[in-house]
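Here are a few exercises to work through with the model open in your viewer. Try each task yourself before reading the solution.

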Amino acid sequence: MNNKIELQVISITNSQAQIGAFAMLLGEVNGERQLPIIIGPAEAQATALYLKGLQTPRPLTHDLFTAAINVLGANLLRVLIYKAEEGIFYSYIYLKKENEIIRMDARTSDAIALAVRAGAPILIYESILEKECLRIPEEEKEHQEEGGNKGKETQEESIEALQDALERAIKSEDYELAAKLRDQIRLRNQNQ
């Protein structure tokens, strides 16, 4: 049986892998795995504004769709990322109206924008998360296992290991991995 894991939005940053696109970093709730997905600027803006609590003068498309769901007497139950193929993630949104469950296919970026508005869980199959999640370089794992007495030095060394991995990914023209590593470096630098 393929278990479902809940994810949460950690950050949204510019994507260096695709000009004009953004990278949304999802993190496993009560876990350490992270999943980056590339999204468009409209979905990035809609999700980021909502998460920051900023109101727009007029409803955005995702606000309108959320309101329409509610006016029609339905609730957004959950989002499920059910497939990943060549860096593209496929999702369903599940709506409940009275005693009926309705499943609709949706772009993952749109599904997540709706889920954050509805307070609905974002789920992914364990097998997909395991296959697509960010991998921490072995050097960093060793430093983490040695304990926290090295503090900032260990953090700097782990960022250095990520930067080395980033350079190798660029040299081998693995730009998808490079984008994931770049985003991880930014996240670590922000947390320092």
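**Exercise 1.** How are helix 1 and helix 3 oriented to each other, roughly parallel or roughly perpendicular?

*Solution.* Keep in mind that this is a predicted model. Start with the geometry: helix 1 (residues 41–51) packs against helix 3 (residues 108–118) at an angle of about 15°, and their axes are 9 Å apart. Next, apply the cut-off: angles under 35 degrees count as roughly parallel. Helix 1 and helix 3 are therefore roughly parallel to each other. Now look at who touches whom: helix 1 contributes Glu43, Ala46, Thr47, Tyr50 and Leu51, while helix 3 contributes Ser109, Asp110, Ala113, Val116 and Arg117. Sorted by class, this contact has 5 nonpolar, 2 polar and 3 charged residues.

**Exercise 2.** Work out the strand order of the open sheet and find which strands stand at its edges.

*Solution.* First, trace the 7 strands: the order is 3-2-1-7-4-5-6, with mixed pairing. Then go to the ends: strand 3 and strand 6 (100–107) each have a single partner strand, so one side of each lacks a neighbour in the sheet.

**Exercise 3.** Describe how strand 2 pairs with strand 3, and decide whether strand 3 is largely enclosed.

*Solution.* Strand 2 (residues 22–28) pairs with strand 3 in the antiparallel sense over 6 bridges. To check the register, see that phenylalanine 22 is opposite isoleucine 39, and that glycine 27 has glutamine 34 as its bridge partner. The two strands form a hairpin with 5 residues between them, where asparagine 30 has a positive phi of about 60°. Finally, 5 of the 6 residues of strand 3 (residues 34–39) are buried, so strand 3 is largely enclosed by the rest of the structure.

Technical notes: Residues numbered from 1 in each chain as written. Predicted model: local features only at pLDDT ≥ 70, side-chain atom pairs only at ≥ 80, totals over all residues. Heavy atoms only, no water. Axes fitted to C-alpha atoms, helices over the stretch in contact; angles between N-to-C directions. Helix = DSSP H or I, 4+ residues; strand = E, 2+ residues; numbered from the N terminus. Parallel < 35°, antiparallel > 145°, perpendicular 65-115°, else oblique. Contact = heavy atoms within 4.5 Å. Nonpolar A, V, L, I, M, F, W, Y, C, P; charged D, E, K, R; others polar. Buried < 20%, exposed > 50% of the residue type's maximum accessible area, 1.4 Å probe, protein only. Pairing = 2+ DSSP bridges.
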